[in-house]
Amino acid sequence: MSEFLLAPANSKAVITGENWRITVLTPCLLRLEWNENNEFSDAKTQVVTNRDFPVPQFTMRRHGNGLSLSTEALLLEYDGQPFSAHGLSVKLKSKAGVVYGSQWHFGQEIPLDSHFGNLGGTARTLDMADGEIPLEPGLISRTGFALVDDSRSLGITADAWVAPRPRGWDLYFFGYGNDFHRTLADYFALTGASPLIPRFALGNWWSRYWRYNETEYLQLIDRFRSADVPLSVAVLDMDWHLVDIDPSIGSGWTGYTWNRELFSNPPEFLRQLHERQLAVTLNVHPADGIRRHEQQYREVTKYLGQNPDTGEPVDFNIASQRFLTAYFNLVHHPLEDEGVDFWWIDWQQGATSAQAGLDPLWMLNFRHYRDAQRQIPGREFKQPLILSRYSGPGSHRFPLGFSGDTFNTWESLDFQPFFTSTAANIGYFWWSHDIGGHGFAGRDFELSTRWLQFGVFSPINRLHSTMSPFLGKEPWAFPQPYCAVQKDYLRLRHALIPYLFTQMWRSHRDSVAPIRPIYHDYPDRWESYKYRNSYFYGDLLVAPITSPADSKLHLAKATAWIPSGTWHDLFTGYVYHGAAVQSFYRPLNQIPVLVPEGKIIPMAPPQIAAAPHPRTLNLWVYLDATNQAQGHLTEEVGNMFSGDTPTDIEFHATFHDGTLDLRFSAEGLPAEFATRDIVVYLPQLAGEGGVAPALSREVFSQLPLCYRVESVNLKEGTISLYNLHRWAPAPQEAAFTLLDGAEGKIADKEIAWNLVQRHSGNGWRDPLAFSGELASESIAQTLKDALLECVLATLNRG
């Protein structure tokens, strides 16, 4: 066996006694070890990759074989005996933000509870989920503390293998109170940084369990292009390989040999996908090993010392280094040489293997991702990436997560926003779901559209469905207006790639989740825990629609808590003031996406946004009360996977005396990427001139003022736009549109409309009076609520 890879802590942070060792990693993070043979390991583990933290200040007092230990945040009491509830405890010194309890005793169960306990992490899979499922614990807790038990982790050896460590307790106590961002930052310091994600992965993925041939698949991709709907990843499910095999061999789920009846020339097919600027992934179910019908069978059997003439299968053995060498070098690498960019690893066969404690899923993820890090010269899309299920704490190092086959029901959609953002509590930021649901239920056009809208504002937007001619996710498989709305949102996803790529770098450098619960930023507000389906998408607050529209109003409802400040809806232009709970009512073509004032949101034209340095940038400027706004954009320079440092482009806008000045700076941006065309969107301003914004009226209620300025120097340039003024529409137009689109009694709509007109006539001097009068009318409550939101959120723009 090769030697362990070591990750020792600074010796000054380590305290030892008979059969125990305690390491003070930070003032809030302790490593607690017990071994009856006094054997301790500093090996890297399946979870932990680093223990060399700066030594924090602490004091200690020994008593017998035990001790009392104090940091600025924690007080540990230990009797020096085998760990027990009465002999080992850690107390938080500060109770700030701690709802229930502040002291941990060994063996204490911390329940999953949004009021008093652990707020949850994530789960291995959503396979066959029809709504909510239980979650594993995370690091974020209302108690102020959480525990990572690394006792059963195997050690990592120098040859990228695993081996048992001394048995005993190996615990990591996180006692950060409600400092959730610091919790994650130190967790990543311990277990490895949040990963870098290739830019292509942030666009739209096409995936379907379907028996395509090469002509059909290329024609489909070309139809997306002709419909001006961009894609960045092409997925081939299992029918790329032979599946109809001799029954004596077994099932056709595992396979590595191209089906030449469907794909006559695989390298040429893959070349044409690359020519269309698509990365390519193939699905593999590795559980059945390599069998006699496979093209690679004879070479693999010879390498492993089997007689190929017997026809006996090469069993899948994740615990065999020699098997894995053949698995990668003889089976996967030749397919990669043909043009496969990364692998979708579809392991569903449990967590046991021939080696005690080794979960095959974890080892597949570990070795596949490590193998993907080897570079192939000249391969544009060859960047480390896999798609596979979650295999426990530390799995964030092996992106991306494949959540499995969910029921396509409203219950499943309603669970996914919470599930996705809550995974940030264990540092698992990059889930990829079957957007629209896998199958097993009915076909619902509204559900599919709402699910896609969530997909656009989720980590990865991968359309997928099971093998049924009635479950296609192509936009044109849906009637209008669903088709048009889906196309617009798929375009929007690509427009957002520069923004999401920037958030990816923020997660890597600053440990801030790109998609995260509201309570990460507002831990002291109880509302941030209650309204669990809203989340931050970078700086944007998103509240997906996860229930059907009202059958009369034709609007769907979402409710969220809006933090303090002023927030602008990206699509409607509505303005909301926090801190407040708000119900949003939206037609099919919109969901609530709120931008905080003072922000500049960078996007790009959808068809070029996946490029590393889009020639045109679209900047959405939202001025604050001081008439300023700021933003930044991170772009890759060189190869980020080789350690090259990215460039940050800074934007700063000021508005004064009718002039908007937009200044740029970008230290380190190479000259060949410094000159760009800038399209400025100004939702709060009006003025003369400008250009027609390249936006859909199907999604944006009011098109913002828009200017295009060519050949701007991002390193030190300035744009000045003149003769502008603050502008806000009156509520009448939006109110009439809402009432006109609703079904119900004409008399009720006229009552509401008369109220709007009367208050419009007096210049909306008393919005509270309007609210009171509307509340007193005997009309449908949902109509009153939606109208009140429409009127007040429009008036807030003034």
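# Notebook: cavities, pocket, cores and domains

I began with the second largest cavity, where helix H6 (360–372) gives the most to the lining, with 3 residues. The model I am reading is predicted, and I keep that in mind for each entry.

**Entry 1. The second largest cavity.** I looked up its volume and found about 60 Å³. Its lining is made of Phe328, Glu336, Asp341, Phe342, Trp343, His368, Asp371, Ala372, Lys382, Leu385 and Ile386. Besides H6, helix H5 and strand S16 (342–345) each supply at least two residues of this lining. I sorted the lining by class and got 6 nonpolar, 1 polar and 4 charged residues.

**Entry 2. The largest cavity.** I then asked how many cavities of 30 Å³ or more the structure holds. There are 7 of them. The largest cavity encloses about 100 Å³ of space. It has 14 lining residues, and Glu33, Arg165, Pro166, Trp169 and Asp170 are the closest to its centre. Strand S3 (29–34) and strand S12 each bring at least two residues to the lining. S3 is the element that gives the most here, with 3 residues. By class I noted 4 nonpolar, 4 polar and 6 charged residues around the largest cavity.

**Entry 3. The largest pocket.** Next I turned to the largest pocket, which holds about 1,100 Å³ of space. I listed 36 lining residues, and those nearest the centre of the pocket are Leu147, Val148, Asp149, Asp150 and Pro393. Strand S9 (146–149) and strand S12 (169–174) each supply at least two residues of the lining. S12 therefore appears twice in my notes, since supplying at least two residues is what I recorded for it at the largest cavity as well. The largest share of the pocket lining comes from S9, with 4 residues. I divided the lining into 17 nonpolar, 12 polar and 7 charged residues. Which domains does the lining of the largest pocket draw at least three residues from? I found domain 1 (11–96 + 144–191) and domain 2 (199–512).

**Entry 4. The nonpolar cores.** I looked for the largest nonpolar core and found one of 210 residues. Leu32, Leu76, Leu273, Phe457, Tyr537 and Phe571 have the most contacts inside it. Helix H5 (residues 321–338) gives the most to this core, with 8 residues. H5 is also an element I had noted at the second largest cavity, where it supplies at least two lining residues. I picked Tyr537 to follow further. Leaving aside its neighbours within four places in sequence, Tyr537 is in contact with Val456, Phe457, Ser458, Arg493, Leu496, Tyr499, Leu500, Pro514, Ile515 and Val542. Phe457 is thus on two of my lists, as a contact of Tyr537 and among the residues with the most contacts inside the core. I also found a second, separate core of 28 residues, which includes Ile600, Ala666, Ile678 and Leu714. As background, nonpolar side chains tend to be buried together in soluble globular proteins.

**Entry 5. The domains.** I finished with the domain assignment of the chain. It gives domain 1 (11–96 + 144–191), domain 2 (199–512), domain 3 (597–726) and domain 4 (729–797). I looked up how domain 2 and domain 3 stand to each other. Taken over C-alpha atoms, 34 Å separate their centres. Where the two meet, 22 residues of domain 2 are in contact with 24 residues of domain 3.

Technical notes:
Residues numbered from 1 in each chain as written. Predicted model: local features only at pLDDT ≥ 70, side-chain atom pairs only at ≥ 80, totals over all residues. Heavy atoms only, no water. 1 Å grid on protein atoms, 1.4 Å probe; cavity = no way out; pocket = protein on both sides within 12 Å on 5 of 7 lines; lining within 4 Å. Points joined across faces, edges and corners; volume = space filled by probe spheres on them. Nonpolar A, V, L, I, M, F, W, Y, C, P; charged D, E, K, R; others polar. Domains from an automatic or database assignment. Core = buried A, V, L, I, M, F, W, Y, C linked by side-chain atoms within 4.5 Å. Buried < 20%, exposed > 50% of the residue type's maximum accessible area, 1.4 Å probe, protein only. Contact = heavy atoms within 4.5 Å.
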